[in-house]
Amino acid sequence: MAAPRLLLLLLLHLGAAAGNRTLVFLLAGQSNMGGRGGATSGGSWDGVVPPECAPSPRILRLSPELRWEEAREPLHRGIDLHNVLGVGPGMPFAHAVLRSRRLPPHAVVGLVPCAQGATPIADWARGTQLYHRMLQRARAASEGRLAALLWYQGEADTISRRDAELYAPRMEAFVRDVRRDLGMPDLLVIQVGLATGQGKFMDLVREAQKRVLSNVPNVRYVDAKGLPVANDYTHLTTPAQVKLGAMLANSYLATL
């Protein structure tokens, strides 16, 4: 176990010393960011890890104890609590980013999982426990450069018309607060357009997500609608999560 740990520390050191090549990404939102691929039947994860989600010494995860470790599925274990976890978009995103020639040699991706299933956006407002935990984890990831916040959330806000109608101002306030509290006024935010909803107001939330793009600078949007959904009609399948990870990577790489 000592050799892998030394390798992780060496990669982080090389990233910091060579033009800050450790790129850190926050992963926040609810269950489809936390990952339920292969985990929607029988109360357990099927254990299937596609090649796009395989561990790599160049892909790290900030653990619940705020220590860097080699990332592996389920990426949100110990973070997305009291849920059966599976494959999410984080690992395929990291692999797709590292395949790009736009990154410097020996680049390292540091993933900071923060998602929690079944949470409306009100649970992520400034002053809440989830907001505090996300900022604490972002600040602990100090070995690299915070490159973006990846955000997939909103299914819980489709239940109530009021929550759906308030989604845009709540999301805009969330982005402003995160940027201010992290001292990063231009932090890139990539939000995922909903593929499913827990209620009948999904279209209202999707429209609100798109309005945020017009009202807040440096927010990008990738649309999960149409990706394969599991038999629970809520969560993306493992192949869908692999596709979403690539879509998120393309959106990020287009900003470089």
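How many of the residues of helix 3 (residues 90-99) are buried? In this predicted model, helix 3 is mostly covered, with 9 of its 10 residues buried. The buried positions are Gly-90, Met-91, Pro-92, Phe-93, Ala-94, His-95, Ala-96, Val-97 and Leu-98, and the elements that cover them include strand 1 (22-29), strand 2 (59-62), strand 4 (108-113) and strand 5 (145-152), together with helix 8 (238-253).

The UniProt record, an unreviewed entry, places the feature "domain: Sialate O-acetylesterase" at residues 23-253. Over residues 23-253 the chain is 33% helix and 17% strand, and the C-alpha atoms at the two ends are 12 Å apart.

Several backbone features were found in the loops of the model. In the loop between strand 3 (68-70) and helix 3, where Pro-74 is placed, the peptide bond that joins Glu-73 and Pro-74 is cis, with an omega of about -10°. On the other side of helix 3, in the loop between that helix and strand 4, His-106 has a positive phi near 65° although the residue is not a glycine. His-106 has a relative accessible area of 54% and is therefore classed as exposed, the cut-off for that class being over 50%.

A positive phi of about 65° is also assigned to Leu-66, likewise a residue other than glycine, which is located in the loop between strand 2 and strand 3. Because its relative accessibility is 32%, a value between the limits of 20% for buried and 50% for exposed residues, Leu-66 counts as partly exposed.

Terms used. Residues numbered from 1 in each chain as written. Predicted model: local features only at pLDDT ≥ 70, side-chain atom pairs only at ≥ 80, totals over all residues. Heavy atoms only, no water. Buried < 20%, exposed > 50% of the residue type's maximum accessible area, 1.4 Å probe, protein only. Helix = DSSP H or I, 4+ residues; strand = E, 2+ residues; numbered from the N terminus. Contact = heavy atoms within 4.5 Å. UniProt positions renumbered as here; feature names shortened; annotations may be inferred.
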